[in-house]
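Okay, thanks everyone, I'll keep this short. Have a look at the structure while I talk, and we'll walk through it strand by strand.

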Amino acid sequence: MRRKLAAGNWKMNGLAAQLTELEAMKPAAATQQTDVLICTPATLVSRAVDAAAGSTIAVGGQDCHANASGAHTGDISGAMLADAGATYVITGHSERRVDHAETDAIVAAKSEAAYANDLVAVICIGESLDERESGKTLDVVGTQLAGSTPAGATGANTVIAYEPVWAIGTGKVPTLEQIGEVHDFIRTQLVERFGAEGEAMRVLYGGSVKPSNATEIFAVSNVDGALVGGASLKADDFNAIITALDAA
């Protein structure tokens, strides 16, 4: 059985004062069925670890450099995240792919850096609106999945997050049939490449997940949880999503 995962991505949001939200998430996170993860800006990782102490909430980074150290001003390494107490890191988020021209090869290298530092890589993939409307969704997702996921991926060190780019922060959500089609396709590709480990990898849906649509999304085949943006910034909203996932 794959454990469910409710992951929050705070993106470039949050100051120290907002870490009180983690305290308010602790009761909902005390679940037997669902893992809970909050990925904060790098400035908050160590303080988020302290804020989450005594709970089951895991803390992750939002990106890491492929190299262990060096002349990379403004970047953060996997070792630095682990040293700060993180146990996960997001790699290949669409905003990184677009804003920083990250290729699948770069994402794979960053994911390998995560593995080297005992971090779970949350590898993000997803199509643009143009690609969806031109019928290229599965081709794009398949190419990104193959190119971004290292050969050393396992159910223990890798989570795949399907985030249609056109649904992130827009309020637009694919139909349940569209979500199911892509998640089933991802599962098939993972199993074909990794066998039992591909079956063990969790596949999350991300893109305008909120309390009002969480229950129906979590009922879709091969949806093992969610990577949540804006709704993870407020405990009331994220708690409702955790509760919906736990009941799925």
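Let's jump right in at one spot: glycine 61 stands opposite valine 89 in β4. One thing to say straight away is that this is a predicted model. So which strands are we looking at here? Well, β3 pairs with strand β4, residues 88–91, in the parallel sense, and there are 2 bridges between them. To get from one to the other, look for helix α3, residues 78–83: β3, α3 and β4 make a right-handed β-α-β unit.

Stay with β3 for a moment. How many of its 5 residues are buried? The count is 5 of 5, so strand β3, residues 57–61, is mostly covered. If you follow the side that Ile57 points to, you'll also find Val59 and Gly61 there, while Ala58 and Gly60 point the other way, and all of them are buried.

Now go to the other neighbour. Strand β2, residues 34–39, pairs with β3, again in the parallel sense, this time over 4 bridges. The chain gets from β2 to β3 through helix α2, residues 45–51, and this β-α-β crossover is right-handed. Want some landmarks for that pairing? Leucine 37 has alanine 58 in β3 as its bridge partner, and valine 36 has isoleucine 57 in β3.

What about β2 itself, is it enclosed or not? Of its 6 residues, 5 are buried, so β2 is largely enclosed by the rest of the structure.

One more step along and we get to strand β1, residues 4–9. Strand β1 and β2 pair in the parallel sense over 6 bridges. One place to find this on your screen is asparagine 9, whose bridge partner in β2 is cysteine 39. And here's another right-handed β-α-β unit, made by β1, helix α1 (residues 20–29) and β2.

Okay, let's zoom out. The whole protein chain comes to 11 helices and 8 strands. Its radius of gyration is 17 Å, close to the 18 Å that the globule rule gives for 248 residues, so the chain is as compact as a globular protein of that length. If you put a box around the C-alpha atoms along the principal axes, you get roughly 45 × 45 × 35 Å.

How much of the chain is buried? Buried residues make up 52% of the 248. As for the outside, the chain exposes about 10500 Å², with carbon and sulfur atoms supplying 53% of that. And if you take the contacts with a separation of 6 or more, 73% of them come from residues 24 or more positions apart.

Here's a nice example of that kind of thing on the scale of one residue. Find serine 111, in helix α5, residues 104–116. Is it buried or exposed? Serine 111 has a relative accessible area of 0%, so it counts as buried. What does serine 111 touch, leaving aside neighbours within four places in sequence? The contacts are Thr91, Ala121, Ile123, Ser148 and Pro150. Also, serine 111 and alanine 66 are 45 residues apart in sequence, but C-alpha to C-alpha they're 7.6 Å apart in space.

Next, a helix: α8, residues 176–194. This one has 19 residues and reaches 26 Å from its first C-alpha to its last, close to the 27 Å expected at 1.5 Å a residue. Which residues of α8 are buried? They are Ile179, Gly180, Val182, His183, Phe185, Ile186, Arg187, Leu190 and Phe194. Just after α8 comes glycine 195, with a positive phi of about 65°.

That brings me to my last topic, phi angles. Most residues other than glycine have a negative phi. Now look at alanine 101: it has a positive phi of about 55°, although it is not a glycine. You'll find alanine 101 in the loop between α4 (94–99) and α5. At 55% relative accessibility, alanine 101 counts as exposed. Asparagine 222 is another one to look up, with a positive phi of about 65° although it is not a glycine. Asparagine 222 is found in the loop between α10 (211–218) and β8 (225–228).

That's my tour, so please go ahead and spin the model around.

Definitions and conventions:
Residues are numbered from 1 along each chain as its sequence is written. This is a predicted model: local features need pLDDT of at least 70, side-chain atom pairs count only at pLDDT 80 or more; totals for chains, interfaces and linings use all residues. Side-chain values use heavy atoms; hydrogens and water are left out. The expected span of a helix is 1.5 Å times one less than its number of residues. Buried means under 20% relative accessible area, exposed over 50%, partly exposed in between (1.4 Å probe, protein chains only). Two strands pair if DSSP finds at least two bridges between them. A crossover is right-handed if, with the strands pointing away from the viewer, the path from the first strand over the helix to the second runs clockwise. The radius of gyration is taken over C-alpha atoms; the globule rule is 2.2 Å times the number of residues to the power 0.38. Contact means heavy atoms within 4.5 Å. Accessible areas come from the Shrake-Rupley method with a 1.4 Å probe; for residues, only the protein chains shown count as cover.
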